[in-house]
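Hi everyone, thanks for making room for me today. Let me put the structure up on the screen, and then we can walk through it together.

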Amino acid sequence: MDYADAVHQRGSIKTYEPDHNVSDADLHALFELAVRAPSSYNLQHWRFIVLRDPTVRQRVEDASWGQKQVTEASVCIVVAAKLDAHDDAARVYASAPPAVQEKLVPMIGGFYATNEQLKRDEAIRSASLASMVLMNAAVTMGLATCPMIGFDPKKVSDIVGLDEETHIPVMLVTLGKQRGEKPYRTERFPVSEVVTIDRLDGPALG
Ligand SMILES: Cc1cc2nc3c(=O)[nH]c(=O)nc-3n(C[C@H](O)[C@H](O)[C@H](O)COP(=O)(O)O)c2cc1C
């Protein structure tokens with residue numbers, strides 16, 4: 001399957017074959033692709049918590065306005081992110097030339113250390129990019145997904161052990177075998193409307 005087919009075939013799927021299992025090997029393959037996503041300074045803020053335990057999943061479903069895909073899909077993934085990912089800069093650049101390390105590591109610390117909004121924005125950006133890679137890759141493995149922010153972040157954090165001081169839940173992604181047809185095709189605003197040149201109110205892409 002080529003990339004365009006995967007992108008077109010992906011949809012947010014809410015009904016799943018409840019008896020279908022996604023193996024650890026398949027999950028591993030998916031996450032190997034997801035973590036190839038880019039992140040600012042390669043800080044890799046993302047963390048993924050794969051929910052398999054039915055009791056845990058029922059609790060997460062209850063904290064997600066009862067959205068059934070949380071328990072019906074083969075797995076539900078809590079995509080979380082580390083806020084102080086800049087603390088990992090020395091490790092990220094450990095194999096870089098010494099001159100690069102000496103320049104970048106303190107610079108990254110200074111860039112993020114006191115800017116709470118930026119830390120949060122970066123965490124959400126990085127984890128979202130990785131989630132998108134995972135969702136498109138899932139299509140190529142015959143699997144369906146649904147990204148979700150319809151949940152109570154405090155409750156979900158408590159259930160899966162996220163300390164809000166250090167990690168935030170970014171989204172849930174359900175993953176499994178699609179059951180039935182998607183009720184309707186979701187359309188998009190035309191490219192001619194959402195892409196402009198040089199300014200928001202510039203001319204549309206030719
Ligand atoms: C950040 C985000 C949060 C979403 N939250 C939910 C959700 O809580 N429940 C749900 O059923 N769908 C959720 N969706 C799916 C969107 O409704 C869906 O992506 C959109 O309607 C476009 O449909 P498509 O993905 O099938 O093309 C979410 C999507 C995104 C990107």
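Which pattern of helices and strands does the chain follow, read along the sequence? Going from start to end, you get α-α-β-α-α-β-α-α-α-β-α-β-α. In total that is nine helices and four strands. Please keep in mind that this is a predicted model.

A few overall numbers, to get our bearings. The C-alpha atoms fill a box of roughly 55 × 50 × 30 Å along the principal axes. The chain has 206 residues, and 31% of them count as buried. If you take the contacts with a separation of 6 or more, 78% of them are between residues 24 or more positions apart.

Now to the sheet. The four strands form an open sheet, with antiparallel pairing, in the order E1-E2-E4-E3. At the edges sit E1 and E3, each of which pairs on one side only. On average, neighbouring strands here are turned by 25 degrees against each other, ignoring direction. Let's zoom in on one pair: E2 and E4, the latter covering residues 167-176, run antiparallel and are joined by eight bridges. If you want one spot to click on, try Cys76, whose bridge partner in E4 is Thr174.

Helices come up against this sheet too. H8 lies across E1, E2 and E4, and runs at about 80 degrees to E4.

H3 is the helix I'd like to spend a minute on. Which residues are buried in H3, residues 54-62? They are Arg57, Val60 and Glu61. Looking down the axis of H3, these buried residues fall within an arc of 100 degrees, so they line one face of the helix. As a reminder for the helix fans, an α-helix has 3.6 residues a turn, so residues three or four places apart point the same way. And what do the buried residues of H3 pack against? Their partners are strand E1 (46-51), helix H4 (69-72), strand E2 (75-82) and helix H8 (153-160). On the face turned away from the buried side, H3 carries the exposed residues Thr55 and Gln58.

Next, two residues with backbone angles worth a look. Most residues other than glycine have a negative phi. Tyr41, however, has a positive phi of about 55 degrees although it is not a glycine. You'll find Tyr41 in the loop between helix H2 (24-34) and E1. Trp65 is the other one: its phi is also positive, about 55 degrees, and it is not a glycine either. Trp65 belongs to the loop between H3 and H4. As for their surroundings, Tyr41 has 19 C-beta neighbours inside 10 Å and so counts as partly exposed. Trp65 has 11 such neighbours inside 10 Å, and therefore counts as exposed.

Last stop, the ligand. Which residues surround the ligand? Going along the chain, they are Gly11, Ser12, Lys14, Gln67, Cys146, Pro147, Met148, Ile149, Gly150, Met171 and Thr186. Sorted by type, this shell has five nonpolar residues, five polar ones and one charged. The largest share, three residues, comes from strand E3, residues 144-148. E3 is also one of the edge strands we met in the sheet.

That's my tour, and I'm happy to go back to any view you'd like to see again.

Methods. Residues are numbered from 1 along each chain as its sequence is written. This is a predicted model: local features need pLDDT of at least 70, side-chain atom pairs count only at pLDDT 80 or more; totals for chains, interfaces and linings use all residues. A residue is near a molecule or strand if its C-beta atom, placed from the backbone, lies within 6 Å of it. Helices (H or I, at least four residues) and strands (E, at least two) are DSSP runs, numbered from the N terminus. Ala, Val, Leu, Ile, Met, Phe, Trp, Tyr, Cys and Pro count as nonpolar, Asp, Glu, Lys and Arg as charged, and the others, Gly among them, as polar. A residue is buried if 20 or more other C-beta atoms lie within 10 Å of its own, exposed if 12 or fewer, and partly exposed in between; C-beta atoms are placed from the backbone. Two residues are in contact if their C-beta atoms, placed from the backbone, lie within 7 Å. The arc is that of the directions from the helix axis to the C-beta atoms. Two strands pair if DSSP finds at least two bridges between them. Axes are lines fitted to C-alpha atoms, for helices over the stretch in contact, and angles run from 0 to 180 degrees between N-to-C directions.
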